[in-house]
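Reader: I'd love to talk through this structure with you, one question at a time. Could you start with whatever I need to follow the strand pairing?

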Amino acid sequence: MNYEIKKQILDKIKEYNKIIISRHIRPDGDCTGSTKGLKAILEASFPDKEIYLVNSDYSEFLSFLGGEDEQFDDDFYADALLIVLDTASTDRISNKKFHLAKEIIKIDHHIDIAPYGDLSWVENLRSSLCEMIVDFYNTFRDELVMTKEAATCLYTGMITDTGRFRFRSVSGDTMRLAGLLLDQGIDTDTLFARLNLEDYDYLLFKAYALKEIKMTENGVAYIHVDKAMQERFGLSKEDSSATVSFLENIKGSLIWASFIDNPDGTIRVRLRSRFVYCHDIGENWRGGGHECACGATLYSKDEIDQLLAEADKKLKEYKETHEGWL
Ligand code: AMP
């Protein structure tokens, strides 16, 4: 699928000696895994090229996958090809110097509401960006080299973005491509331990947070991780944002959201759903993403109430007009 654009991207990679890879802000497993995985594949395939990973933020939780490069001076970009992974719109690109590059390639699996780049390969039905990178490798496997390091990074993104291969977006292709990574001998015991283990103190916070979950009339579950809660438990940004997973297994609650106070006074929304789509709600509130997993930004407590009213109405209508949901 999409052979032509993949071939154009490979040709562009071959054309450049200097390649910079970037991703979206607030890195998750998929954008971290795909950027590091692509970098490792390109380094192994083209040892004479300079390949860099440049961004402006960092994930402590994913630091076991390795570090990134320091930012360069502006003129360093003049002869560089810049590949942006997993980032729907330019405002979310973590490397703020991306526009200085000679040419830009976008590779993404979000709904393409804000196209950019000299070349763009977007497949919004792919379960993860890492799946697209493995597909890219697999398409040109006679020319590209997969390594155990690349496979570990890419597998990390595949499992985190698919909820451990649970989501509807997982296809036969997803599993075949994941199998190709496992063939590299990934240490899955260590990988899952790194992703799943929690500190005891965090468990105590979780016990508290579970009691703070609230429900709208028709079953939208939500939690507001406000400044006071963050201070009381000494939560990192990642601790706060992980709360969305506390809400995901409540019967009849087909839409759920975490509202997280940002230091600048805005409120980050992490919105999720099953059966019913929620991405339009994210788009209504300065955000976007996938059909059942999106984000948004709010400016006040009042906007939280408005977003919840919108989600509640949507869920009510869905429940009244559909059967078989759980
Ligand atoms: P998150 O809750 O931050 O994990 O976001 C869920 C999905 O929506 C991810 O794939 C994000 O890249 C995407 N997303 C989150 N926030 C936004 C936003 N403001 N605009 C566009 N996409 C977003």
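Author: Gladly! Two strands pair if DSSP finds at least two bridges between them. Please keep in mind that this is a predicted model.

Reader: Thanks! Which residue in E4 is the bridge partner of Leu85?

Author: Strand E3 (residues 80-85) and strand E4 (residues 103-108) run parallel and are joined by five bridges. One of the residues bridged to E4 is Leu85, and its partner there is Ile107.

Reader: What is the order of the five strands in that open sheet?

Author: The pairing in this sheet is parallel. Its edge strands, which pair on one side only, are strand E2 (50-53) and strand E5 (119-122). Neighbouring strands are turned by 15° against each other on average, direction ignored. From one edge to the other, the order is E2-E1-E3-E4-E5.

Reader: At what angle does helix H2 run to E2?

Author: Helix H2 covers residues 29-45 and lies across strand E1 (18-22), E2 and E3. Its direction relative to E2 is given by an angle of about 170°.

Reader: Which residue in E7 stands opposite Met215?

Author: Here we move to an open sheet of six strands with mixed pairing, in the order E6-E7-E8-E9-E11-E10. Its edge strands are strand E6 (214-215) and strand E10 (288-289). E6 and E7 pair in the antiparallel sense over two bridges. Opposite Met215 stands Ala221.

Reader: Which helix packs on the sheet, touching E7?

Author: This helix also touches strand E8 (255-261), strand E9 (267-273) and strand E11 (293-298). Its direction makes about 165° with that of E7. The helix is H11.

Reader: Now for the empty space. Which element gives the most to the lining of the second largest pocket?

Author: That pocket has a volume of about 180 Å³. Of its 13 lining residues, the closest to its centre are Lys214, Tyr222, Ile223, His224 and Lys301. Helix H7 (200-212), strand E7 (220-225) and helix H11 (301-321) each supply at least two residues of the lining. With four residues, the element that gives the most is H11.

Reader: How many residues of that lining are charged?

Author: The lining of the second largest pocket has seven nonpolar residues and one polar residue. The charged residues in this lining number five.

Reader: How much space lies in the largest cavity?

Author: A search of the whole structure finds one cavity of 30 Å³ or more. Its lining includes Arg23, Lys36, Tyr58 and Glu68. By class, the lining divides into three nonpolar, four polar and three charged residues. The space inside comes to about 50 Å³.

Reader: I work with ring geometry a lot. Why is the pair of Tyr3 and Phe140 tilted?

Author: Tyr3 is in helix H1 (residues 3-15), while Phe140 is in the loop between helix H3 (129-139) and helix H4 (148-161), 137 residues apart. The ring centres are 5.8 Å apart. Planes under 30 degrees apart count as stacked and over 60 as edge-to-face. The pair is tilted because its planes are at 45°.

Reader: One last distance: what separates the C-alpha atoms of Asp161 and Gly295?

Author: Asp161 is found in helix H4, and among the residues it touches are Asp28, Asp30, His109 and Phe167. Gly295 is 134 residues away from Asp161 along the chain. Their C-alpha atoms are separated by 14 Å.

Methods:
Residues are numbered from 1 along each chain as its sequence is written. This is a predicted model: local features need pLDDT of at least 70, side-chain atom pairs count only at pLDDT 80 or more; totals for chains, interfaces and linings use all residues. Side-chain values use heavy atoms; hydrogens and water are left out. On a 1 Å grid over the protein atoms alone, a cavity is a set of points where a 1.4 Å probe fits but cannot get out, and a pocket is an open set with protein on both sides within 12 Å along at least five of seven lines; lining residues have an atom within 4 Å of a point. Grid points are joined across faces, edges and corners, and a volume is the space filled by probe spheres set on the points. Ala, Val, Leu, Ile, Met, Phe, Trp, Tyr, Cys and Pro count as nonpolar, Asp, Glu, Lys and Arg as charged, and the others, Gly among them, as polar. Contact means heavy atoms within 4.5 Å. Axes are lines fitted to C-alpha atoms, for helices over the stretch in contact, and angles run from 0 to 180 degrees between N-to-C directions. Rings of Phe, Tyr and Trp (its six-membered ring) pair if their centres lie within 6.5 Å; planes under 30 degrees apart count as stacked, over 60 as edge-to-face and the rest as tilted. Lists of a residue's contacts leave out its neighbours within four places in sequence.
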